[in-house]
Every structure is written in structure tokens, then in C-alpha cells.
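Trainee: Before we begin, I should like to learn how such terms are justified. May we look at the model together?

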Amino acid sequence: MASPAVQKLVLKTILSLPTPLLRAMSGGGVVWKGGRTLDPRFQFFAHAARKLPSMTTLSPEEARIGSARGLAAVSGPVEPGVRTESLSIDGPAGSIPLRAYRPLDQDASAPILVFAHFGGGVIGDLETCDAFCSIIARRVRCAVLSVDYRLAPDHRFPTGLEDVLAAYRWARDNADRFGAPSGVAAIGGDSMGGNFAAIIAQDMKRAGEPQPALQLLIYPAVDVASETQSMTTYADAYPLSRSIMEWFMGHYIGPDASPADPRLSPNVTKDLSGLAPAVVVTAGFDPLVDQGEAYAKALKAEGVPTVYRCYDSLAHGFTAFTGAVPAADAACREIADLIRQAYDGRQA
């Protein structure tokens, strides 16, 4: 078997082929669904994935290994000029591993951002969002703290959420350790991490604590209690399909939990007023696109300053594809710029 470096080079060569040829290698034609056209590189990955066993046939441990290998081939490098540090803090039931990112030209007035990776609460780790966290750190010029929270099914809801909540509170209270303003932090994440971020903003309101500086919600899972049209339109999407989403939730949600619990489905919360300013991002080819858009609209309706972007040609999980899909890399950099703009607006 070729080394990971050789595999990555081969993949990069294939993905650099002209679009018509790449589409021809990916089943032919243009993938158009729900008024959107899929990026040809994601079309290539989706076509290749059909030849592999579905995640739903794997154990959680097998899924973690397979996902880590696959993402290693498509992720980009850590941005130059960004230092990383591994550390851990005491959590609700033991140590929580963290990874801090600090740019060399850090803006001392920019709040630290606590980030939670995607993976349905079942897969993923600090490597999953490594490149993206470094992009945020460099372009926003802020410190970023990535959280390696505990995973289901060994640690079901709300374990992972409680780990990220503990990390958020710790980062807020120790932000000066990372050259950031003390007593304030932003919260963010993608997919399940976006679920956590939305809930933590609501938790702060319920607890009477100050709101985060910002809530960054990237293709967030904010409603596992109801059905949306995109769950049908993009039911067979790659890499997140409806069946895989159900597989995730089957492992994440325990038998005694209700999908309508606001700490599982933050979109069921009736009063969203007073929550932190939000940047909400969705991917077009994603069963979750409708619920992410609905949550952005609900926040706006309650007077929460909200910026919404949908990257129509991209698929769920695109933040991990910065080394293979140029449009995903460009989107990640634009998201970082939206964070910077939100920070600048906060300081104005």
C-alpha cells in the first residue's frame, strides 16, 4: 500500500484534472439537486464513496479510524505563522484535552474562540478541525481553543456537550493566558460542534451568565426532533446522509433522552432573544441545510445580530476538505473573515 504522502499526491493530481474530465470519472454529468449544483470534487468523493461500506455498517471505533484516514488525505496543512499548544483541563469527569492556536500577529483585543469539531458526537478529534482552526487563528488574528470532548456511545448526551461547556467557561475565565481579553470568549463549532455552540449560548442565558462574544454555527444540527425538506432532498448526500445522521443520533441520544430537549434541539427553544451575535453557515448538499437556515432566521426574528451564508455547491463537512477542494478552502477563509467582521462590529 502506498504511503499517506503518496496517496495524497495521487489524489491531488486527480482533483486537479479539468472539470469535464473529473465529472466523467465521477459518474458523468452534473449533479444538480434542489436547485443546486454540486462541486465537481465533492462529486468525485461522493462517487468513490458508493464503492465503500456505509458508515452505518461499521462500529463507532471502525468509523473513527476510517474517518480519520479519509480526512487525513483531504485536509490542508496548519497555516504558517500559527503556533499550537497541547494542554488539558479538569472537566466534569476527568481531563479534557485541548489544542490552542495562536497567530504570531495576534490582536490582543480579539476574544478567544472555543471550537468543537464535527462528527455527530460519535467520531472526530482534534485533527478533524486542525487546519480550519489555524485558518481562523491566522485570519481573525485571535486565539482558538479546540476541544477534544468525549464521544458516544461510551459517553452519550449530554457528556460531550458538558465537556465543551466546561472548556468554554475555563477559556472565558483564563483567556489572558492566551493573550486574549479576560472574562470573554466566543463559542463555535461545525455540525455537532455547532449544536454544542448554539446550546451553550442558550445555557448562558438560562444560567444568567454573560453571553459569548459570538456564536459560530457551521452546518449545525439544531433540530433532531422534527423533519425538514432537505432531509429528503439530500437524503443520500455525501458525506452526511439521512441514514448516517440517524446512525449518529442512535449512538448519541440515550434511551432516556428526548429529541425535543432544548439541549439536543436548540431550535425548539421559543425565546431566542438576548443571545450572542451569530455567524450561521450551511452547505447546500446537506440534509441539515434547512434547519441551519431556519435557526438563522429565528435568531434574526428575535433581534439577534445574525450573518447567514449558504455555500450552495459544497457538502456537509467541508471545513475538513481544505487540502482537496479549493472552494471549501475559500469558504473557510471567508468564514474566518466573517468572524473578524463580527469582532470588529462588537468593538465599534
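Trainee: Which residues have the most contacts inside the largest nonpolar core?

Mentor: This is a predicted model, in which local features need pLDDT of at least 70, side-chain atom pairs count only at pLDDT 80 or more, and totals for chains, interfaces and linings use all residues. Residues are numbered from 1 along each chain as its sequence is written, and side-chain values use heavy atoms, leaving out hydrogens and water. Tyr-252 and Phe-318 have the most contacts inside the largest nonpolar core, which has 114 residues. Helix α11 (residues 326–347) gives the most to this core, with eight residues.

Trainee: What makes a set of residues a nonpolar core?

Mentor: Its members are buried Ala, Val, Leu, Ile, Met, Phe, Trp, Tyr and Cys residues, joined through side-chain atoms within 4.5 Å.

Trainee: Why is Ser-191 called buried or exposed?

Mentor: Buried means under 20% relative accessible area, exposed over 50%, and partly exposed in between, with a 1.4 Å probe and protein chains only. Ser-191 has 6%, and is therefore buried. Ser-191 lies in the loop between β7 (185–190) and α7 (192–207), where helices (H or I, at least four residues) and strands (E, at least two) are DSSP runs, numbered from the N terminus. Ser-191 has a positive phi of about 60 degrees, although it is not a glycine.

Trainee: What is the class of Arg-141, by its relative accessible area?

Mentor: Its value is 33%, so Arg-141 is partly exposed. Arg-141 belongs to helix α5 (residues 130–141).
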